[in-house]
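Trainee: I'd like to practise reading features off a model. Can we start with the rings and work outwards from there?

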Amino acid sequence: MTNHLFSVFQDERFMDLTIYQYGYEKCEPLHSFGPYVRNNYLFHYVISGKGCLHANDERGEAVPHNIEAGNGFLIEPGHVTTYFADNDQPWEYVWVEFGGLRAKECVELAGLSHKSPVYRLASPEYGETLQERMLTIVKSQNASNMEMIGHLYLFLDCLIKYSASKKQLQGGKLSEFYAREAVVYIEHNYDQDITVEDIAKKCQLDRSYFGKVFKKVVGQSPQEFLIRYRMTKAADALIISDDSVGDIGLSVGYPNLLHFSRAFKGVYGVSPREYRQKNKIIDR
């Protein structure tokens, strides 16, 4: 294996759990990354060597966490972090960036958070299996999207099952009920001119309180989720249909073409036309 591998997963149609990026690196002494704020969950597993993670607390002060081989560390979205390799024994690690509706739940079940970012195994022999699950993802650049998502589920299952601080799932939370109700409403009405206020009203909650409940469960604000959901539907239509970009924007709740193009580029990094040119499925 080379000293560095990096790949981007480009299919965002998977809403419960999805991969964004993944890679492997054998770092140089004192190699660092940050300070930086992620938009998704990022988990590193240290294969060899050691290093340090600095994660900001609620007061904005960096808290150091020393991490060695056989440990991992989580970076939560929205929190400032910096991490760097040891000078004498620089770490070698594999990493996966992921998100989705169930991502926050998986992280919490593994006993991880921005307050407790260091991952420890319940028993050292589990390390090889977890490492292999992650390396399988990294080495599967040519796998189908469904296969990649399957590997992600297997990795997260190991992450939870082998954690020394895993937690039991608590069912029947009212906040989860509201979040699911909101997601179902979005799924059925994303093509209409709906707002966060409309979704909150559907759940019979105050807008501010609804926003807090939704983000706590899903890990994204209602507005972020609504935009990403609409753009995912638009991306599908751009690939499989011959409808105009304007018509596709209208079909996902954007009557204004300029607003649609801006929103799409904000999610995918390219304009709708560029995305179609790169990904269009052509009938043979």
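Mentor: Sure, and keep in mind that this is a predicted model. Going by ring centres within 6.5 Å, the count comes to 20 aromatic pairs.

Trainee: How is the geometry of the pair phenylalanine 33 and tyrosine 36 classed?

Mentor: Look at the angle between the planes: over 60 degrees counts as edge-to-face. Phenylalanine 33 and tyrosine 36 have ring planes at 75° and centres 5.5 Å apart, so they are edge-to-face. Phenylalanine 33 is partly exposed at 33% relative accessibility, and tyrosine 36 is partly exposed at 42%.

Trainee: And what geometry do tyrosine 254 and phenylalanine 260 have?

Mentor: That pair is tilted, with 55° between the planes and 6.1 Å from centre to centre. Tyrosine 254 is buried at 14% relative accessibility, and phenylalanine 260 is buried at 0%.

Trainee: Which residues do ring pairs link into a cluster?

Mentor: Phe33, Tyr36, Phe73, Tyr83, Trp91 and Tyr93.

Trainee: Now the sheet. What is the order of its strands?

Mentor: The order is S3-S8-S5-S6, an open sheet of four strands with antiparallel pairing. Strands S3 (32-37) and S6 (62-68) each have a single partner strand, so each has one side without a neighbour in the sheet. From one strand to the next, the twist averages 15°.

Trainee: How many bridges join S5 to S8?

Mentor: Five, between residues 50-56 of S5 and residues 80-85 of S8. Cysteine 52, for instance, has phenylalanine 84 in S8 as its bridge partner.

Trainee: What does valine 63 touch beyond its sequence neighbours?

Mentor: Valine 63 sits in strand S6. Setting aside neighbours within four places in sequence, its contacts are Leu53, His54, Ala55 and Asp57. Valine 63 is partly exposed, with a relative accessible area of 31%.

Trainee: On to helices. How do I check the span of H7?

Mentor: Compare the expected rise with the distance between the end C-alpha atoms. At 1.5 Å a residue, the 19 residues of H7 (222-240) should span 27 Å, and the ends are 27 Å apart, which agrees. H4 has 16 residues with an expected span of 22 Å, and its ends are 23 Å apart, which also agrees.

Trainee: Which helices do the buried residues of H4 pack against?

Mentor: They pack against H1 (103-109), H5, H6 and H7. Among the buried residues of H4 are Tyr178, Ala182 and Tyr185. As a general idea, an α-helix has 3.6 residues a turn, so residues three or four places apart point the same way.

Trainee: And what do the buried residues of H7 pack against?

Mentor: H4 (174-189), H5 (196-202), H6 (207-218), H8 (245-251), H9 (257-268) and H10 (272-279). The buried residues of H7 include Phe225, Tyr229 and Leu238.

How values were computed: Residues numbered from 1 in each chain as written. Predicted model: local features only at pLDDT ≥ 70, side-chain atom pairs only at ≥ 80, totals over all residues. Heavy atoms only, no water. Pairing = 2+ DSSP bridges. Helix = DSSP H or I, 4+ residues; strand = E, 2+ residues; numbered from the N terminus. Axes fitted to C-alpha atoms, helices over the stretch in contact; angles between N-to-C directions. Buried < 20%, exposed > 50% of the residue type's maximum accessible area, 1.4 Å probe, protein only. Contact = heavy atoms within 4.5 Å. Expected span 1.5 Å × (residues − 1). Phe/Tyr/Trp six-rings, centres within 6.5 Å; stacked < 30°, edge-to-face > 60°.
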